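Visitor: I would like a close look at the charged side chains of this protein and at how they are placed. Please take me through them in one connected account.

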Amino acid sequence: MATSKLVKAILDPKKNWFAALHKKTIDNRLRKYGLRYDDLYDPMESLDIKEALTRLPREIVDARNQRLLRAMDLSMKHEYLPKDLQAQQTPFRSYLSDMLALVEREKAERQALGALPLQQRTIP
């Protein structure tokens, strides 16, 4: 328990200047491409992320896909968003965290009850 408090204190940008500097750097890089932090989650990495994305409203998923496509296009062109559009970006406004936490809680509850998992990876 004490270890988790120590880790939280080290990683908290309000308490650690180095964590604050790292967060500012991530913020600047995401703004340059018009991305949000939740856009970096890969649905192929975890089935929980994939399930959370399928539960989100279609408009949110479409906006996420548009941001990813725009970022890839800008990256291929070696360009960044114009400064006025960078100022409008909100990189740390979360849209996936709540749904992801819900999916993980449901998964933990199913495991605690001894039920089979909802989704399993299969090799085609």
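Visitor: Does Lys107 count as buried, partly exposed or exposed, and what is its relative accessibility?

Guide: This is a predicted model, and in it Lys107 counts as partly exposed, at 40% relative accessibility. The side chain of Lys107 forms a salt bridge with Asp48, with 3.6 Å between the closest N and O atoms. Because Lys107 belongs to helix α6 (residues 97-113) and Asp48 to helix α3, this pair ties together parts that are 59 residues apart in sequence. The two partners are not placed alike with respect to solvent, for Asp48 is buried, with a relative accessible area of 10%, whereas Lys107, as said, is partly exposed.

This bridge belongs to a wider set, since a search of the whole structure finds seven salt bridges. Among them is the one in which the side chains of Asp39 and Arg67 meet, at 2.8 Å from N to O. Asp39 lies in the loop between α2 (17-33) and α3 (47-55), while Arg67 lies in helix α4 (residues 58-77), so this pair joins parts that are 28 residues apart in sequence. Here both partners count as buried: Asp39 has a relative accessibility of 3%, and Arg67 has one of 11%.

A further bridge is found within a single helix, where Arg55 pairs with Glu51 and the closest N and O atoms are 2.9 Å apart. These two residues are four places apart in helix α3, and therefore about one helical turn separates them. Arg55 is partly exposed at 28% relative accessibility, and Glu51 is also partly exposed, with a relative accessible area of 23%. The pair does not stand alone, because Glu51 and Arg55 are linked with Glu106 in a network of salt bridges.

Asp38 offers a contrast to these bridged residues. Asp38 is found in the loop between α2 and α3, and although this side chain is buried, it has no salt bridge, the nearest side chain of opposite charge being that of Arg36, 7.1 Å away. That distance lies outside the cut-off, since a salt bridge requires a side-chain nitrogen of Lys or Arg within 4 Å of a carboxyl oxygen of Asp or Glu. What the model does show for Asp38 is polar contacts, one of which joins its side chain to the side chain of Ser94 at 2.8 Å. The side chain of Asp38 also reaches the backbone nitrogen of Tyr95, at 2.9 Å. Leaving aside neighbours within four places in sequence, the residues in contact with Asp38 are Arg64, Ser94, Tyr95, Leu96 and Ser97.

Two lysines are placed over aromatic rings. The charged end of Lys23 sits over the ring of Phe92, 5.0 Å from the ring centre, and Phe92 is itself linked by ring pairs with Tyr37 and Tyr41 into a cluster. Lys32, in turn, lies over the face of Tyr80, at 4.9 Å from the centre of that ring.

As for the rings themselves, the count comes to four aromatic pairs. One of these is formed by Trp17 and Phe18, an edge-to-face arrangement with 5.8 Å from centre to centre and 85 degrees between the planes. Both rings of this pair belong to exposed residues, Trp17 having a relative accessible area of 66% and Phe18 a relative accessibility of 52%.

Note on methods
Residues are numbered from 1 along each chain as its sequence is written. This is a predicted model: local features need pLDDT of at least 70, side-chain atom pairs count only at pLDDT 80 or more; totals for chains, interfaces and linings use all residues. Side-chain values use heavy atoms; hydrogens and water are left out. Buried means under 20% relative accessible area, exposed over 50%, partly exposed in between (1.4 Å probe, protein chains only). Rings of Phe, Tyr and Trp (its six-membered ring) pair if their centres lie within 6.5 Å; planes under 30 degrees apart count as stacked, over 60 as edge-to-face and the rest as tilted. A charge sits over a ring if NZ of Lys or CZ of Arg is within 6 Å of the ring centre and within 35 degrees of the ring normal. Lys and Arg count as positive and Asp and Glu as negative; His and the chain ends are not counted. A polar contact is a pair of N or O atoms within 3.5 Å; within protein, one must be able to donate a hydrogen and the other to accept it, and residues adjacent in sequence count only if both atoms are side-chain atoms. Contact means heavy atoms within 4.5 Å.
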